[in-house]
Amino acid sequence: MSLKRQSARTHPDNRWGVTHAHARAVLVFAVAALGALLAQRPDLLLMGSPLGMVALWSVLSRPTTVPETRLVIPAAHLREGQWSRAVVGVMTCPHTELVSSSLTHGTQVDLDPERGARTHLVTARDRERAELHVSTRVRPGRWGLRRVGPVLVGATSPWGAFRWGPVPIEHQTVKVLPDPAVFDTSAPAPHPQGLVGQHRSRFPGDGSEFNTIRTFQWGDRLKRIHWARSLRTGELHVTSSYADQDTHVAIIVDAHYDLGSSDLATRQSSSLDYSVRAAAAVAEHFLHQGDRVSLQVLSARTPLSLPPGTGRRHTHRVLQALALVQAQPQEQIDPRRVRHGMGPGTLAVMISALVSPAPLAQAALLSRSGTQVVVIDALVDDVQPPGEQDDIARLGWRIRLMEREGEVRRVRASGVPVVPWRGPGSLDQVLRSLARHRQGAAR
Amino acid sequence: MNPMKDLLEDLRSLSQQQVLLRAAIALALLGFTTVLLIAGESSVYALVVLSLLSACCIINPHTVLPAAVMIYCLAVWWAGVADPFDPWAVPATLCLLLLHTACALSAAAPAQAELPRQLFRTYAVRLALVAGATIVLSLVAYAQEAWGYSGGLIAVLSGLLALGLAVGLHYWVVTVRQAEPTA
């Protein structure tokens with residue numbers, strides 16, 4: 001929460017100063033009066049008199065207290081594309097008439113009004129309060145740590161005669177959580193093991209999914225007695241169910257490279273945008289199902305990892321961790337670190353743009369060690385190649401893409417499914433085939 | 001930072017209310033020029049200079065240019081209108097008041113900011129009050145002229161003394177130390 005008080009006390013403009021308007025009123029009146037006296041022209045005095053009145057009014061309503069100001073972002077976290085407010089709080093002082101604020105554009109932050117300039121006429125109701133608020137709507141265009149501000153704040157007295165500021169207030173940094181891309185899968189996770197999830201087990205047990213009606217056995221719960229069948233047959237029958245199970249889904253995000261550009265206005269997304277949003281979507285989906293989800297980020301700058309967890313708070317933890325991801329290539333990936341915390345039955349979902357061979361090698365290693373691995377290819381078609389687009393760069397990029405295709409083919413051949421990220425249903429086919437494969441193996 | 005680039009950017013992104021205020025500045029200067037032409041004689045050069053200064057004033061209402069324009073207006077009035085009790089002095093005065101107010105309001109807020117409607121209502125009332133007081137003052141001046149009262153040298157000297165005292169008092173008032181925030 002960005003509620004830290006910011007002070008602009010040391011700024012040289014943090015005082016009420018005479019404006020050009022007031023200086024003009026005094027000067028024109030003085031010149032007109034002098035001219036009228038010396039040239040015996042009362043019409044000149046008349047022409048200067050309204051400015052003299054204005055000057056007198058202005059001096060009588062001169063503010064004497066310097067206000068204090070601060071910038072507040074009321075929301076603790078924002079989601080990308082979500083509108084929020086940046087509030088400039090200004091202490092109310094007598095004779096302050098018009099308060100203005102001008103918020104500076106930050107990278108990947110949209111403002112409303114577009115140029116961030118706002119004015120607020122101080123009313124009698126405002127004067128009753130200790131602080132008045134000038135709000136500007138802000139919308140972060142991309143996940144991550146975003147800067148809102150700095151902001152310039154100023155105020156004027158009646159007739160624009162005295163001005164306080166503009167004084168700059170430091171920017172505020174807001175954590176912007178990735179907006180999980182729409183993702184849904186009707187396919188079950190391949191190796192459910194725990195006993196709290198929503199996946200139907202192949203074995204009967206205590207769950208919510210109906211299995212059959214069978215005769216009562218020692219240990220059956222009384223609430224499961226099927227009275228209609230029992231009365232009809234004269235023998236106690238109970239309804240049996242399948243056990244509910246959960247699984248551990250280990251999400252691995254490859255953040256070695258960020259290809260393409262990211263712009264909310266033109267709806268352009270980079271490969272890391274797709275990776276992070278896909279990771280958020282997959283995590284949110286499985287956590288909603290009651291599964292345990294862990295997260296690991298492969299990046300030299302932000303080597304984040306979250307242990308497995310469940311529930312809504314864990315969803316928030318995952319999104320917060322994903323908001324901190326920054327791309328930087330890693331010299332070496334330690335396979336032990338990647339495998340850390342993965343037990344038998346873990347489903348590893350690796351999300352990568354697959355532009356470097358290292359993550360693919362890790363996926364193959366994981367698969368070889370007995371973990372079910374699914375690789376999501378985040379290099380979606382509209383991601384632009386890196387660097388300047390001259391002929392050589394284009395040729396180089398095409399060669400790299402061909403190499404990449406070869407690497408993907410090899411990994412597929414070793415039994416690791418690679419699916420392109422296409423939003424909802426991206427993993428359906430793969431998870432179904434993994435589940436079938438497992439059932440076949442069990443038989 | 002390039003001031004000319006900033007100025008052009010400001011002009012390009014003016015809010016509707018700022019455009020309205022700039023139009024009021026233009027209207028006030030046009031009104032003054034028309035009254036000047038009706039009331040007396042002015043050279044073409046004076047009018048050309050006035051037009052140029054007006055354009056500068058519209059572009060830069062937050063600088064010293066409006067003060068220069070107003071002093072220039074006084075000078076051309078003094079040079080062009082011979083009668084010191086010309087009744088056209090009142091509309092000319094009101095034009096200068098409008099010019100000053102529009103410039104002050106325009107400079108009080110960022111060029112891109114929307115100004116609240118209530119602010120315009122407040123200033124319409126204030127302008128009406130000051131304009132009313134100016135008209136009363138002009139009526140007093142014309143009555144004094146009609147009665148033939150003239151103060152002579154003593155009136156001039158006392159007027160100069162009053163002006164000096166007023167400017168000195170003003171300086172003292174605006175340089176009083178300001179209170180620090182209490183928060």
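These are my notebook entries on a predicted model, covering the contact between chain A and chain B, the make-up of chain B, and one residue of chain A.

**Entry 1: extent of the interface**

I began with the contact between the chains, to which chain A brings 55 residues and chain B brings 66 residues. I then looked up the area buried between chain A and chain B and noted about 5100 Å², with 72% of that area given by carbon and sulfur atoms. Within the part that chain A buries against chain B, I found that A:Arg24, A:Met47 and A:Trp159 supply 15%, which is more than any other three residues.

**Entry 2: polar and charged pairs across the interface**

I looked next for salt bridges and found a count of 1 between chain A and chain B. I recorded a salt bridge between the side chains of A:Glu97 and B:Arg126, with an N to O distance of 2.6 Å. For polar contacts across the interface of chain A and chain B, I noted 9 residue pairs, both partners being at pLDDT 80 or more.

**Entry 3: the side of chain A that touches chain B**

I traced which elements of chain A each supply at least two residues to the side touching chain B, and listed the helices α1 (20-39) and α2 (42-60) together with the strands β1 (16-18), β5 (98-103), β7 (117-121) and β11 (162-169). Of the elements, α1(A) gives the most to this side, with 16 residues. Sorting the side of chain A that touches chain B by class, I wrote down 33 nonpolar, 11 polar and 11 charged residues.

**Entry 4: chain B on its own**

I turned to chain B, for which I noted 7 helices and 0 strands, so that I wrote its pattern along the sequence as α-α-α-α-α-α-α. Of the 183 residues in chain B, 41% are buried, and the chain exposes about 10100 Å², of which carbon and sulfur atoms supply 72%. I also looked at contacts in chain B between residues at least 6 apart in sequence, and found that 79% of them join residues at least 24 apart.

**Entry 5: A:Arg79**

Last, I looked up A:Arg79, which lies in strand β3 (residues 77-79) of chain A. Is A:Arg79 buried or exposed? I entered A:Arg79 as partly exposed, because its relative accessibility is 28%. Leaving out residues up to four places away in sequence, I listed what A:Arg79 touches: A:Pro140, A:Val176, A:Leu177, A:Pro178, A:Asp179, A:Pro180, A:Glu284 and A:Leu319. For one of these, A:Pro140, I noted a separation from A:Arg79 of 61 residues in sequence and of 7.6 Å in space, C-alpha to C-alpha.

Definitions and conventions:
Residues numbered from 1 in each chain as written. Chains lettered and ligands numbered in written order. Predicted model: local features only at pLDDT ≥ 70, side-chain atom pairs only at ≥ 80, totals over all residues. Heavy atoms only, no water. Contact = heavy atoms within 4.5 Å. Buried area = accessible area lost by both parts, 1.4 Å probe. Salt bridge = Lys/Arg side-chain N within 4 Å of Asp/Glu carboxyl O. Polar contact = N/O pair within 3.5 Å; in protein donor to acceptor, adjacent residues only side chain to side chain. Helix = DSSP H or I, 4+ residues; strand = E, 2+ residues; numbered from the N terminus. Nonpolar A, V, L, I, M, F, W, Y, C, P; charged D, E, K, R; others polar. Buried < 20%, exposed > 50% of the residue type's maximum accessible area, 1.4 Å probe, protein only. Areas by Shrake-Rupley, 256 points an atom, 1.4 Å probe, with all protein chains shown as cover.
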